[in-house]
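Trainee: I am new to this structure and would like a close look at a single part, the cavities inside it. Could you take me through them with care, and then place them in their surroundings?

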Amino acid sequence: MSYESRNFRPRQDVEVVEVEVEVEEEEEGSTFCLLIGNRYRGSGGGRYQHTEERKSYRGSSNRAPSPSKDDEVEDIEVRLKSLIIKIGDKISPELQVNLNKMKNILDNDYSKYPETVQNTLKACISDIPAKAPVYGILLGLLNLSNYESVAKLMDTFNQLFKETVERSEWFKLKQLVRFYGELMNANVITSIAYTGMINTLLSVVDEPRLLKDRTDCIVYIVLSVLPWSMKELHHRSPEEMNQIIAKIQYYMERRGSVPTLRIMQRYQSEEMNAKEKDPLEHLWHLIQELHGKGGDVPLLPKPFHWFDEDLKSAVQHDLFTFEVPPHSDDIKYFGPQRILRVLVDENNKTLSMVPDHDSLDYFILNDMISDTIQIFESNRKECAKYLLGIAHSFEYGFINTTAASHENEPDTMDEDTAGWSLSDLLLESIFSQILKLPTPPFRLVFYSCILTELCRTESSSFPMALGRIVKTLFGRMHALDAECVSRLWSWFSHHLSNFGLQWDWKSWNEVLALDPMHPQACFIRETLEKEIRLSYYERIKTTIPEEFAPLFPPVAPGPDFEYKEPSHPLHSQAKLVIESLRAKKTVEEVREILNVFKEDQAKRGLDEQAQLNSVRVLFVQCLLLVGSKSFSHVLNVVERYLEVIRYVNSTPEGRLHTVQIVSSFWKNNTQFLGILLDKLLNYRVIDPTSVITWTFESEQLEKAGRAYPWEILKNTLNKVVSRVIQVRLKLENFQELHTVNETKRASTGLTEMAQAEAQQELDTLRIVENSLTTVTREQKEVFMVIYQKFTHTLQELIVTCNARGQDPATHWTYWWVSGWYTEMLRLYQKECSGFLVTLETLVFLPTMDARISSVFEDVKAMNTQANLIL
């Protein structure tokens, strides 16, 4: 068999190209030898490289079978894909050479593996936004030598763009518009075509009725990508560039400034919020300033300048026409992220390790970090990898990626280093998301995983920077929103559990002299309690200094059984109930035991209500003790004796009493308390009103700085809201099914059976509609009750403070209750938007203290902004 017939070419005919690319876990500038047109190998040299390997087939019984042709093709495609992804991992002078070599590879192999190249490039331009300049110039170079291949790629990109617009995938559209700007920089498309694309997007500002959120989103997309291409637009199409600026200016003047509502501010002090700005308006001012300076952003890489002379001869490609789809209620919009100013001095001035918070450089870097987090949210390792790679995606010298320069003074934040600190940039952006109000973009555990991964990957600098951030935020606890403090202790406890539970607690010794309800004291106490949940009591106790004992739970988590002492007068009766439960006696037998106990209490002169209360306490306490071994144990015993539990909880007072009994039994294990109340809500043993009433009892208000009452309350409200969502979804599914079936019946004729089916569907729809009406009414009643409780409690606290001559803002119980009141109104604003007038009429009366009613006014403003038509 000839060499050629076996899909090999003579060695002298094989073009060997050395390409330097940055590869993870390889030395910088690792060299790969690529056999163009045949296979990608780690080195050349033919099929055999060593003499001892050249054995005959018959003489080598252990010889592995030759790879099949399909395997070889797959191997080539994998390596080709890898090269496309890795090209430009670092903006450096070597990239110019590598781009030419990568262009040669695509020149040779695009026709052989078009789908691999197309799919890989589609993924890269939408999923690696920081490398848009690299892929833009790569297409520009390929366009010079292989116009037809680029035409096919442009068809692929254009189709992707159209589909993205049609689906209203605004975030993805932002990445594509940025990439098309880089195609314009590389002369693949004309500046007129690119400005035409932007003007089509901005056509929404000419509509007569503008939904603010929709228009803000599109304007933000345009503003955020303009810095990457504005300089070239200034040179090539200055008139069109001016038209774009004028169109945005028209909208921004029509829109006006949108002030940040106090309810949405993470800092609650006027000093920390002094520089808070409307994010979109601030970005607009930055773009105006950039436009006036000619559009040059030194931070951004411009690899197309390496090939300016070559690109002048390029033949450009046409773009397509498209229309922006109209608004629909299921479309989600997004906008610029509100930054959290952590790295500032006592005068609220940005520290030197990051760009000025008001600068365009800070916006670009923060925006890129946010985009990367959103894209790689599903893979924390890839997310950390690309976050750390962001520093190499901008011009050299701006971002310092070396180890922390303050090893001798790790707690300070005023260093003056060459370049901005990547660790500090990442941390400030991540914490801006963690503390975003009303909710973070992703679950809190995701950010914990990302920070853990970054600490492990960049161990030389990241942990030290994180420690500084934590201590800075700890020093500002009293100025933060209560919900932000709660998120911080939830994250911090999880983070410490991943790093041996080690922390310099003694640096916070001054907290021991503060009020136990001070946010800093509460932060330490709740962090330790949540660490116990993630580990165990004795282990955590050994990690803290002895002086912190007042902030540590005095006893290990466990049940508190009321009848455990033999001296208790009801000890023998409790023992009898426990034995019957463990023996799995029938419901009737258990009820008979309780009836006998009730009669015994009657003989002692107790009235009916006292008798029921005694029976309830005895049974619930014994039930909880039998099930105290584990979650599965308690669920089994609850399900077995569900009828008995409902029997002793037949009244609202009884349900509240049951919550109190469970709270007393599990007072030393608040995690178990929360889970058990959640299960009892599911079984309808207790109701949301009973949990709300329990939360606002004096015993819980004395612990207003504890996490568990508010977590239980929030979980209860979430259940009420999710029940409405589930029934509404069920109704929509039935309606959709009924519509489809009606269409089928209309086409096939209406038979008697078809009429019966239609009637049955209508009956089902009517039942579900009634169910939706019921759960919606219940939801409204629950929110009415909770806001009445909040306002009444806050009014009483204000009266108490005034009587003492104390400012309520310095009363920590008021601080916490007010903070959670703000959180509940803010978090459930959408659910309450349908009955704001009722709330204003029955709850938020004109006579109410302005400090309480102002929060409700902000909620009304949130509702107005969400539905604002300009």
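Mentor: What follows starts with the confidence of the model, turns to the cavities, and then moves outward to helices, loops and a charged pair.

Please keep in mind that this is a predicted model. The chain averages a pLDDT of 87, and 89% of the residues score at least 70. Two stretches call for caution: over residues 1–61 the pLDDT stays under 50, although the model has 96 contacts beyond four places in sequence for them, and over residues 403–417 the pLDDT again stays under 50, here with 31 such contacts.

Now to the part you asked about. When the whole structure is searched, 5 cavities of 30 Å³ or more are found, and the largest of them holds about 360 Å³ of space. That largest cavity is lined by 25 residues, of which Lys277, Gln337, Arg338, Ile339 and Arg341 are the closest to its centre. Two elements, helix 11 (279–292) and helix 13 (360–375), each give two or more residues to this lining, and helix 13 gives the most, with 4 residues. If you sort the lining of the largest cavity by character, you will find 10 nonpolar, 7 polar and 8 charged residues.

The second largest cavity has a volume of about 80 Å³. Its lining consists of 15 residues, and those closest to the centre are Pro227, Trp228, Ser229, Lys231 and Lys302. Here the elements that give two or more residues are helix 6 (170–185) and helix 9 (230–236), with helix 9 supplying the largest share, 3 residues. The lining of the second largest cavity divides into 7 nonpolar, 3 polar and 5 charged residues.

Helix 6 also leads us to a backbone detail, for the loop between helix 6 and helix 7 (191–201) contains asparagine 187. Asparagine 187 has a positive phi of about 65°, although it is not a glycine. Another loop to look at is the one between helix 15 (422–434) and helix 16 (444–457), where proline 438 is found; the peptide bond that joins leucine 437 to proline 438 is cis, with omega near 5°.

Away from the cavities, you may wish to follow two helices along the chain. Helix 30, residues 708–748, has 41 residues and reaches 59 Å from its first C-alpha to its last, close to the 60 Å expected at 1.5 Å a residue, and just after helix 30 comes glycine 749, with a positive phi of about 95°. Helix 31, residues 752–804, has 53 residues and reaches 79 Å between its first and last C-alpha, close to the 78 Å expected at 1.5 Å a residue. Helix 31 is followed by glycine 805, which has a positive phi near 70°.

Finally, consider charge. Side chains of opposite charge can pair when their charged atoms come close. A search of the whole structure finds 47 salt bridges, and one of them joins lysine 131 to aspartate 89, with the closest N and O atoms 2.8 Å apart. Lysine 131 lies in the loop between helix 3 (114–127) and helix 4 (132–145), and aspartate 89 in the loop between helix 1 (69–86) and helix 2 (94–109), so the pair ties together parts that are 42 residues apart in sequence.

Methods: Residues numbered from 1 in each chain as written. Heavy atoms only, no water. pLDDT = per-residue confidence, 0-100. Contact = heavy atoms within 4.5 Å. 1 Å grid on protein atoms, 1.4 Å probe; cavity = no way out; pocket = protein on both sides within 12 Å on 5 of 7 lines; lining within 4 Å. Points joined across faces, edges and corners; volume = space filled by probe spheres on them. Nonpolar A, V, L, I, M, F, W, Y, C, P; charged D, E, K, R; others polar. Expected span 1.5 Å × (residues − 1). Salt bridge = Lys/Arg side-chain N within 4 Å of Asp/Glu carboxyl O.
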